[in-house]
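Good morning, and thank you for coming. My topic today is the empty space enclosed within a protein model.

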Amino acid sequence: MTFAVALPDRGTFDAWRTAARLAMSHRIPPDQIDWTGDGGLFAATALPADPGPHQVLVPQAFVKLAGSVIWHSDPARFARLYQALWRIDRHDGMPLSQADPLGRRLHLLTKGVGRDIHKMHAFVRFRECPSDGSATSPRRRFAAWFEPEHNTLEPGSSFFAKRFGDMDWLIATPRLTAQFEGGSLSFGPAAARPDLPEDASEGLWATYFANIFNPARIKLHAMQSEMPKKYWKNLPETRLIPEMLKDAEARVQRMRAAGATPARPGAAAISTRYRAAMAQAPLLPATLAEARDAALQCRRCALCEAATQTVWGTGAADARLMIVGEQPGDQEDLSGRPFVGPAGQMLGAAMAAAGVASERVWLTNAVKHFKFTSRGKLRLHQTPDRPEIEQCRWWLGLELAFIAPRMTLALGAAAAFALTGNAAPLAARRGTTETGLHDGPVLVSWHPAHILRLADPQSRDRARQELIDDLASADALATRIA
Ligand code: URA
C-alpha cells in the first residue's frame, strides 16, 4: 500500500513533522510513503488519522537538521528526512553523520538553504511605497521583490522583522509572500512581480556601491558567485556595473600611478592562516586510516602551533565502547598516544577494576592537540575552550562514524560537551545517559584527572568508585545494544 502525503507551502515544517510522527507511530516504511502527495502510479491512501502504538524518540540534532533541510527545493527532501528518521528509530547506522551518504546529502541540503537565506538577507532591496492617503497607520511602508533558489522566504523573514520592526513591509517571491504589518508577520500566496515605485534609498545604495567599488578587483566569476547575476536586476546598485566596468582599466592605471597602500601589520600572517585553512577544507576521508592521516595535518585551530603532534585515538577499530577524554596532556603530546600519563594510569586501573579490556575499546579525546601554557620548562595544562572543542568535533565525528560504537563514555565536561553539545555542569549529569550529536547514547562520567585533584580522600574514593561503576555500565550497555 502507498500512502500519499500532501504538504502545504506554508508551515511546511510543522506539517511534515506531524505527518512523519504519525507515519512512524504506525511503523510505515519509507518506501510506502509518497511525499509528493499523489501516490505516483499507485493507488494511494491518506495516512491513518490517529497515532499508532509506536513511540518515536527524535533527537534534537535531527529536529535541527530537518528544520533547515525542509526549506530546500529538492523534491526528495521529505522522503530523505523520513528515511533518516526511520533509520534513527531502528539504530541503523548514523544517518545524520557526514560520513554516511544520507547524512552527507542532508548536510549539503542544509548548507544550500543556509546560503540561500544569507543571500536573501544580503540582496533584498526595499523600495518605499508612497501612501495613497487611505492608510490609517503612521508606519512607513516598503516592498521588495526577491527570487530565492529554495523555499527560504519563511525561515528567512524573521531577520527582516527584527531589523525593520518599526515599518510595514512586504517581500514578494514567485512562491510565497511575506507580510509584516503592525508588528506581525504572516505569509500569503505567491505574487506576480510587482511594479514597485522608485525611492530615494535606491540612490543611496547606488552611491554606496560606486564608492566601495574597486576596479582592480574585478573578477566576474567571483562576483557572480557571491552575487549571482539573477539577483542583479533587483539590486539598484548593479545598474552602475556596466558603467564602472567601462571605466575600470583607466581607474586601475590611475591607482597604479598613485602607488600601493602598504598592507596593515599582520595582514601576511592572516593571509597565510587563511590559505592554510582553505587548503585543508574538509574533504571527507573514506576510512578511519584516512581520517587519522588527515588529522595529523590538522590546522583547524591555533592549538596545532604549539603542540608537538596530533594525538589520534587508539584501540579496536570495531570497538563497541568508545571512551572520550578531554585532550592529550604533556606525556600524550610527546608520545602521540592518548592516556599514557598519570590520568591514563588512573583510567587504566579503573578499567581493570570494571573488567573493561583496553583492547576492546577505542580510546580518544575530544580535542586532539595539547593546550598548555609554559612556566619555565613546565608545560601546564589549560582547559580547551568552546571554539577549540567545536573545531575538533570534526575529527571526533569521523572517529564515531567509522568506529560506530554502540556506547560512548564521556570523561569530564569537555568530552561531554563535545559529544552532546550540552555544557551544563557535570555533577547532576554523571552516571546518566544522554543522546549524543551523533545520535548514539553517551554515558557521562568524571574525568580521571578531576578525581586525582580531589583533596579529600573520601571524595576521591567515592568518585573513583563512580568512574568504575560508569565504566562497567557503559561496557554492559555496549554489549547489550544491538
Ligand atoms: N587527559 C585526557 O583527557 N586525555 C589524555 O589523553 C590524557 C589526559
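The second largest cavity is lined by C298, R300, C301, L303, V367, K368, H369, Q391, C392 and W395. A cavity here is a set of points, on a 1 Å grid over the protein atoms alone, where a 1.4 Å probe fits but cannot get out, and lining residues have an atom within 4 Å of a point. This is a predicted model, in which local features need pLDDT of at least 70, side-chain atom pairs count only at pLDDT 80 or more, and totals for chains, interfaces and linings use all residues. Residues are numbered from 1 along each chain as its sequence is written, and side-chain values use heavy atoms, with hydrogens and water left out.

Helix 15, residues 386–403, contributes the largest share of this second lining, namely three residues. Helices are DSSP runs of H or I with at least four residues, numbered from the N terminus. By class, the second lining has six nonpolar, two polar and two charged residues. Ala, Val, Leu, Ile, Met, Phe, Trp, Tyr, Cys and Pro count as nonpolar, Asp, Glu, Lys and Arg as charged, and the others, Gly among them, as polar. The volume of the second largest cavity, the space filled by probe spheres set on grid points joined across faces, edges and corners, is about 60 Å³.

How many cavities of 30 Å³ or more does the structure hold? There are two. The largest encloses about 70 Å³, and its lining includes F13, W16, R17, F62 and L85. Helix 1 (12–25) gives the most to that lining, five residues. Eight residues of the largest cavity's lining are nonpolar, two are charged and none is polar.

Note on methods: On a 1 Å grid over the protein atoms alone, a cavity is a set of points where a 1.4 Å probe fits but cannot get out, and a pocket is an open set with protein on both sides within 12 Å along at least five of seven lines; lining residues have an atom within 4 Å of a point. Helices (H or I, at least four residues) and strands (E, at least two) are DSSP runs, numbered from the N terminus.
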